[in-house]
Amino acid sequence: MSAHIGTNADVFPLILDLHVPPGSRVADVTWGKGAFWRKVRQDGYRVLGTDLQTGVDCRDLPYPDGGLDCVVLDPPYMEGLFRRSETHLAGAGSHAPFRASYSAGQATAPVDGAPRYHEAVIDLYLRAGAEARRVLRNHGVFIVKCQDEVSANRQRLTHVELINAYTADGFYCKDLFVVVRPNRPVVARLLRQEHARKNHSYFLVFIKLDPEHPNRLRAPASRS
């Protein structure tokens, strides 16, 4: 099914069962606390879990070209986690668990010309996606977690932006899963509500196409 009420840990094993064969070499490049894998059989896959806390940036992976069967990406998808000052960094108070899971809790280092706010979120996804394309074998699987957001009072459909960008970069969007949170989202203190509150997120499933055969959606059957 494409839509589920539950947690990431509930839905992620279903995605693996459908799209990633057992025994595959899978790099979760934003491992965090390993929440996605809590209900996955430990002997089902060869899992490589890394993140900034382990010294590995998802935009600069230590894997050879074409060496992986699957890459899993779940970077910070709130523009409020990209701030130049810790006093303005999202995730205080009731959002503290979110900040702990998706951020190192530090301000973004200022870089001349670097994108800001929502554009910084998309830039991170795209740079990580380019690196995922490098390390994946042809027809390897790229699983991306994301959520739409409202930034500067403008609706940003992150999942659409990513699908369009990754498709232009040699991926095929094979599947999409909607995860509806089982609890109510935190109510913001606004004078007037302008947008529907987000209570769902997405798992996007991409296939790295073979550049020499871009219309071939799966690897040819091996001959015995």
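In this predicted model, the second largest pocket has a lining of 14 residues, and those nearest its centre are His 139, Lys 174, Ile 207, Leu 217 and Arg 218. Two elements, E5 and strand E8 (171-180), each give two or more residues to this lining, and the largest share, three residues, is supplied by E5. Sorted by the character of their side chains, the lining residues comprise seven nonpolar, three polar and four charged. The space within this second largest pocket amounts to about 250 Å³. As a general point, empty space of this kind is revealed by rolling a probe the size of a water molecule over the atoms.

Strand E5 (residues 136-146) also takes part in strand pairing, since it runs parallel to E4 and is joined to E4 over five bridges, with Val 71 standing opposite Phe 142 in E5. Strand E4 (residues 68-73) pairs in addition with strand E2 (residues 25-28), again in the parallel sense, through three bridges, and here Val 26 is placed opposite Cys 70 in E4. Strand E4 is mostly covered, as six of its six residues are buried.

Helix H1 (residues 8-19) contains 12 residues, which at 1.5 Å a residue should span 16 Å, and because its end C-alpha atoms lie 16 Å apart, the expected and computed lengths agree. The buried residues of H1 are Asn 8, Ala 9, Val 11, Phe 12, Pro 13, Ile 15, Leu 16 and His 19. In reading such a list, it may be recalled that an α-helix has 3.6 residues a turn, so residues three or four places apart point the same way.

Definitions and conventions:
Residues numbered from 1 in each chain as written. Predicted model: local features only at pLDDT ≥ 70, side-chain atom pairs only at ≥ 80, totals over all residues. Heavy atoms only, no water. Helix = DSSP H or I, 4+ residues; strand = E, 2+ residues; numbered from the N terminus. Expected span 1.5 Å × (residues − 1). Buried < 20%, exposed > 50% of the residue type's maximum accessible area, 1.4 Å probe, protein only. Pairing = 2+ DSSP bridges. 1 Å grid on protein atoms, 1.4 Å probe; cavity = no way out; pocket = protein on both sides within 12 Å on 5 of 7 lines; lining within 4 Å. Points joined across faces, edges and corners; volume = space filled by probe spheres on them. Nonpolar A, V, L, I, M, F, W, Y, C, P; charged D, E, K, R; others polar.
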